[in-house]
Amino acid sequence: MQGQISTELGNIIIDADVIAAYAGSVAIGCSGIVGMATLDMRDGLMKLLKKDSIKRGIEVAIEDNVIYLAFHMIVAYGVNIPVVSENLIDSVKYRVEAFTGMKIGKIDIFVEGVRVID
């Protein structure tokens, strides 16, 4: 899946993996978020992804050059989830739109777990 931007000099094509990696790096920088999560197929439990594979915890869909994102994340214990989610949505929307030149249609957040931060 790709997004395409037409300019007077030609076309710019942005792969969904690039968008996922960038959105993941923005999300990790948000306060209260421990990391992205994925389902471990061996035991059916959610696990925290390492920083080099955070894009696996993000689903990207592009329709008519509008980006739709779904984050599967693990939050820090004791945070206010609605506030953390709103901060994530605002940050990702602003930065991904500026990065890609495309609009964000919707951002869904799935809190898959809670971790105590040392």
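Lys93 counts as partly exposed, at 35% relative accessibility. In this predicted model, the side chain of Lys93 meets that of Glu97 in a salt bridge, with 2.9 Å from N to O. Glu97 itself is buried, with a relative accessible area of 16%. From this pair we can walk through helix 2, and then on to other parts of the chain.

**Salt bridges**

- How many salt bridges does the count come to? The count comes to two.
- One of them joins Glu97 and Lys93, and both of these residues lie in helix 2 (residues 81-100).
- Glu97 and Lys93 are four residues apart, which is about one turn of the helix.
- Is Glu97 buried or exposed? Glu97 counts as buried because its relative accessibility is 16%, and the limit for buried is under 20%.
- Lys93, at 35%, is partly exposed, because that value falls between the 20% and 50% limits.
- The side chains of Asp108 and Lys106 also meet in a salt bridge, where N and O are 3.8 Å apart.
- That distance of 3.8 Å still qualifies because the rule asks for a nitrogen within 4 Å of a carboxyl oxygen.
- Asp108 is partly exposed at 29% relative accessibility, and Lys106 is partly exposed too, at 47%.

**More about Glu97**

- The salt bridge with Lys93 is joined by a link to the backbone: the side chain of Glu97 reaches the backbone nitrogen of Ile104 at 2.9 Å.
- Which residues does Glu97 contact, once its neighbours within four places in sequence are left aside? They are Val92, Met102, Lys103 and Ile104.

**Thr100, also in helix 2**

- Thr100 is found in helix 2, as is Glu97.
- Thr100 is buried, with a relative accessible area of 4%.
- A polar atom of the Thr100 side chain lies 2.8 Å from the backbone oxygen of Val96.
- The Thr100 side chain also reaches the backbone nitrogen of Met102, at 3.1 Å.
- If residues up to four places away in sequence are not counted, Thr100 touches Ile5, Ile14, Ile19 and Ile67.

**An aromatic pair**

- How many aromatic pairs does the count come to? The count comes to one.
- The pair is made by the rings of Tyr22 and Phe99, whose centres are 4.0 Å apart.
- The ring planes are at 10°, so the pair is stacked; the cut-off for stacking is under 30 degrees.
- Tyr22 sits in helix 1 (residues 16-28) and Phe99 in helix 2, so this pair, 77 residues apart, links distant parts of the chain.
- Tyr22 is partly exposed at 21% relative accessibility, and Phe99 is partly exposed at 43%.

**Gln4 and the loop with Asp64 and Asn65**

- Gln4 belongs to strand 1 (residues 2-7) and is partly exposed, with a relative accessible area of 35%.
- Where does Gln4 stand relative to Asn65? The two are 61 residues apart in sequence, but their C-alpha atoms are 6.5 Å apart in space.
- Gln4 touches Asn65, along with Asn11, Ile12 and Ile13, when residues up to four places away in sequence are not counted.
- Asn65 is placed in the loop between strand 5 and strand 6, and is partly exposed at 32% relative accessibility.
- Asp64 is found in the loop between strand 5 (58-63) and strand 6 (66-76), and counts as exposed at 79% relative accessibility.
- Why look at the phi angles here? Most residues other than glycine have a negative phi.
- Asp64 has a positive phi of about 50° although it is not a glycine.
- Asn65 also has a positive phi, near 60°, and is likewise a residue other than glycine.

**A nonpolar surface patch**

- Which residues form a nonpolar patch on the surface? They are Tyr77, Val114 and Val116, with about 360 Å² of accessible area together.
- Val116 is placed in the segment after strand 7 (103-115).
- Val116 is exposed, with a relative accessible area of 63%, because the limit for exposed is over 50%.

Technical notes:
Residues numbered from 1 in each chain as written. Predicted model: local features only at pLDDT ≥ 70, side-chain atom pairs only at ≥ 80, totals over all residues. Heavy atoms only, no water. Helix = DSSP H or I, 4+ residues; strand = E, 2+ residues; numbered from the N terminus. Buried < 20%, exposed > 50% of the residue type's maximum accessible area, 1.4 Å probe, protein only. Contact = heavy atoms within 4.5 Å. Polar contact = N/O pair within 3.5 Å; in protein donor to acceptor, adjacent residues only side chain to side chain. Patch = residues over 30% accessible without salt bridge, like charges linked within 9 Å, V, L, I, M, F, W, Y side chains within 5 Å. Areas by Shrake-Rupley, 256 points an atom, 1.4 Å probe, with all protein chains shown as cover. Phe/Tyr/Trp six-rings, centres within 6.5 Å; stacked < 30°, edge-to-face > 60°.
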